[in-house]
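User: I have a model open and want its main features explained, one question at a time. Please show it and begin with a single residue.

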Amino acid sequence: MSHHITLVGNPNTGKTTLFNKLAGTRQKVGNWAGVTVDCKTGFFSVAGQRVDMTDLPGIYSFATESGGIDESVARHFLNKGEYDVIVNVVDATNLKRNLKLTKELIELGRPMIVVMTMTDLARKMRIMPDLEMLAENMGITILDGHGLSVIDLQKQVLALVETLKAKPIAAQSKPVKTWLSGVMKQQAKAHNTTEFVDRIVLHPLLGIPIFLLAMYAMFALAIGLGTLFIDPIDSFTAYWFVSFPSHWMQQVGVPHWIIIVLANGLGGGAELVATFVPVIACLYLCLSFLEDSGYMARAAFIIDRVMLSIGLPGQAFIPLLLGFGCNVTSIMSTRSLSNPKQRMLTMAMAPFMSCSARLAVYVMFVSVFFRDNGGSLVFGLYLLGILMAVGTAWIFRKQLFKDVHASSFIEMPHYHRPRWGNIVLSSWHKVRGFVIRAGKTIIVVSAILTILNSVPSWRSVAEGGKPSALAEVGQVITPAFSPIGMGDNNWPAAVGVFTGVLAKEAVVGTMDALYSNVAGGNDQAEYISPFANLKAVSAILWSNLTGAMSTLIDPLGLSAVSDAQHEETLSLGHQKMVSLFNGWQGAFAYLVFVLLYTPCAAAIGALVKEGGLLWTGVVTAWSTSVAYVGAVCTYQVLTFSQHPTSSLVSMGIAIAWIVLFVFGLKWWIKPTLDKNIIARG
């Protein structure tokens with residue numbers, strides 16, 4: 001026999017924490033039927049009884065039509081959804097706001113349980129309500145969610161669900177308001193650590209520097225810790241995914257082309273994916289830590305003034321923040337905004353957020369070109385993306401949406417000690433999603449390009465032919481990228497730009513496969529035994545861990561290594577990569593282009609769904625134009641002393657194009673835009 005419960009509550013009440021605690025790893029994220037709002041479902045089983053769960057988007061009021069499409073979805077589900085019992089998650093430190101929704105849910109007449117969260121914090125603040133008396137007045141069961149083991153919590157929820165399904169309890173909501181008045185006064189007078197910290201964190205002068213410092217620390221820590229594990233993981237996966245299967249397939253006489261596809265293509269792609277996991281996992285852990293501590297709501301408040309200046313509320317920062325994980329999620333999350341023009345502005349900003357797939361590209365380039373200042377460079381790229389996003393919204397508002405004005409309301413949860421179990425579980429789901437999504441793309445692209453790159457050119461070497469047919473095609477498009485510092489023969493990077501349109505993570509798969517082939521080999525070392533590999537991996541890991549302190553100061557741990565020594569440690573493919581870019585300046589300009597250019601295919605699909613074809617075309621054309629102009633100006637400024645005249649000409653043409661584009665928004669796009677706005681509700 002199975003039961004179905006739905007979790008509902010205000011934002012920032014610990015609802016996701018409770019869901020994660022109950023479901024563990026038995027959960028998945030999909031979409032609601034007909035809309036692209038995230039739908040999180042899961043289940044748990046106790047004594048043969050299965051309880052299915054649906055985690056609704058956060059909602060402030062059931063009775064009042066406010067908020068975006070996510071709140072509309074929550075209201076619709078509560079009215080029409082097939083569930084047995086409502087589990088209302090209430091923050092014990094903020095009863096005044098939370099119990100407004102509770103009262104409205106009681107009036108629905110559906111079986112309901114209240115799970116009180118943040119009770120440990122409420123006790124420390126000396127504002128903990130009497131749960132027994134509160135439950136008696138409300139006529140419903142209230143469960144303290146703190147201090148219970150997972151099994152005990154699951155058992156209690158199951159017992160209450162079975163009781164309510166058999167005989168729903170009649171709610172008595174009338175005396176609630178009177179009884180709560182004393183509790184509200186007590187909570188209103190509470191002076192606590194949150195108020196003290198906010199005087200500093202939200203200070204008009206200190207707020208933004210603290211925010212930037214927190215972001216920099218996050219990226220420096222993620223790269224500093226993550227890179228400790230890159231080399232040992234690379235050594236381990238290179239052996240087991242490439243060298244080991246390649247050696248034994250050769251021993252049994254497997255045809256060479258099959259070995260190339262399976263070992264070098266699929267195996268090499270899997271090796272590449274594995275090397276990105278440490279840094280990305282560390283970044284997700286840091287983001288989850290900041291979110292679970294209550295700081296992320298403050299981050300939205302801190303930049304609220306900036307957001308209001310471009311016609312957006314501070315809440316628009318939250319969808320943009322999600323873009324650090326995936327731009328698709330960021331675009332879908334704009335539905336939390338009720339104003340359609342504000343949604344469109346936020347959608348235009350979303351593609352400039354550096355997603356986890358772009359981080360994989362940054363890690364690859366940092367390890368090859370920018371070993372001394374990896375953390376600073378990655379932080380700079382993320383910051384550049386944010387600045388370009390804000391600039392885009394400012395220009396679009398001036399040219400297209402002059403009538404857009406915003407007011408802001410941001411819920412501030414109390415600071416509390418992050419729950420490590422929730423942080424680890426939340427990060428695990430995000431990393432798993434990246435590995436599944438990006439891994440499939442990188443592995444498939446790597447295999448396909450390995451095959452295509454083995455097809456010979458239709459021209460002979462004497463006729464000036466390239467090593468392969470793919471090289472011939474890539475060479476045709478390479479000249480278009482010469483103003484951004486790509487060498488004349490750097491066709492692998494040009495091919496990477498085009499495969500990156502399918503998925504940004506495909507850029508690294510493309511470049512890794514093609515540079516290795518161009519270098520004239522697959523970097524395969526002499527075959528060693530499995531025991532010898534494990535011994536070598538352990539030695540690398542131990543060496544990295546013992547030097548952890550120096551690695552945190554120098555994120556890539558290579559500052560003491562000379563350029564000549566460093567180049568000797570690079571693979572043949574990476575050495576070829578260094579030779580084909582016009583110095584570190586060309587490599588940096590390429591990173592700027594990858595950061596800013598057209599969204600991936602999945603993000604474009606989300607844009608079409610949320611903003612329509614016209615807006616998708618505008619955003620895609622704008623981001624690609626900004627990327628090319630930004631990369632051209634970056635490279636030409638960095639190399640200005642080498643060719644001042646051509647640099648001025650190149651930058652002049654690029655800037656002229658972007659100016660024409662800006663005026664074109666008002667002349668050609670604005671007259672037809674209103675007819676193409678998709679109103680969601």
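**Burial, fold and cavities**

User: Is Ala654 buried or exposed, and why?

Analyst: The relative accessibility of Ala654 is 8%. Buried means under 20% relative accessible area, exposed over 50% and partly exposed in between, with a 1.4 Å probe and protein chains only. Because its value is 8%, Ala654 counts as buried.

User: What pLDDT do local features need in this predicted model?

Analyst: Residues are numbered from 1 along each chain as its sequence is written, and side-chain values use heavy atoms, with hydrogens and water left out. The model is predicted; totals for chains, interfaces and linings use all residues, side-chain atom pairs count only at pLDDT 80 or more, and local features need pLDDT of at least 70.

User: Which residues does Ala654 touch, not counting those up to four places away in sequence?

Analyst: Ala654 sits in helix α29, residues 644–673; helices (H or I, at least four residues) and strands (E, at least two) are DSSP runs numbered from the N terminus. The C-alpha atoms of Ala654 and Val632 are 7.4 Å apart, with their positions 22 residues apart in sequence. With contact meaning heavy atoms within 4.5 Å, Ala654 touches Val629 and Val632.

User: How far apart are the C-alpha atoms of Ser427 and Leu287?

Analyst: Ser427 lies in helix α19 (residues 420–452) and is buried, at 3% relative accessibility. Leaving out residues up to four places away in sequence, Ser427 touches Tyr284, Leu285 and Ser288. Ser427 and Leu287 are 140 residues apart along the chain, yet the separation of their C-alpha atoms is 8.6 Å.

User: What share of contacts between residues at least 6 apart in sequence joins residues at least 24 apart?

Analyst: The protein chain has 29 helices and seven strands, and 54% of its 681 residues count as buried. Of the contacts between residues at least 6 apart in sequence, the share joining residues at least 24 apart is 77%.

User: How much of the chain is helix over residues 614–635?

Analyst: An unreviewed UniProt entry places the feature "transmembrane region" at several stretches, including 587–608 and 614–635; such annotations may be inferred rather than shown by experiment. Over residues 587–608 the chain is 82% helix, with end C-alpha atoms 32 Å apart. Over residues 614–635 the end C-alpha atoms are also 32 Å apart, strand is 0% and helix is 100%.

User: How do the lining residues of the largest cavity divide into nonpolar, polar and charged?

Analyst: Among the residues lining the largest cavity are Phe211, Met215, Phe324 and Tyr382, and α9 (207–226) and α18 (374–400) each supply at least two. Ala, Val, Leu, Ile, Met, Phe, Trp, Tyr, Cys and Pro count as nonpolar, Asp, Glu, Lys and Arg as charged, and the others, Gly among them, as polar. The lining residues divide into nine nonpolar, no polar and no charged.

User: Which residue, in the loop between β6 (112–117) and α4 (119–124), has a positive phi near 60 degrees?

Analyst: A positive phi of about 50 degrees, in a residue that is not a glycine, belongs to Ala47, in the loop between β3 (38–46) and β4 (49–55). Ala47 is exposed, with a relative accessible area of 78%. The residue asked about is buried at 9% relative accessibility, and is likewise not a glycine. With phi near 60 degrees, in the loop between β6 and α4, it is Met118.

Note on methods:
On a 1 Å grid over the protein atoms alone, a cavity is a set of points where a 1.4 Å probe fits but cannot get out, and a pocket is an open set with protein on both sides within 12 Å along at least five of seven lines; lining residues have an atom within 4 Å of a point.
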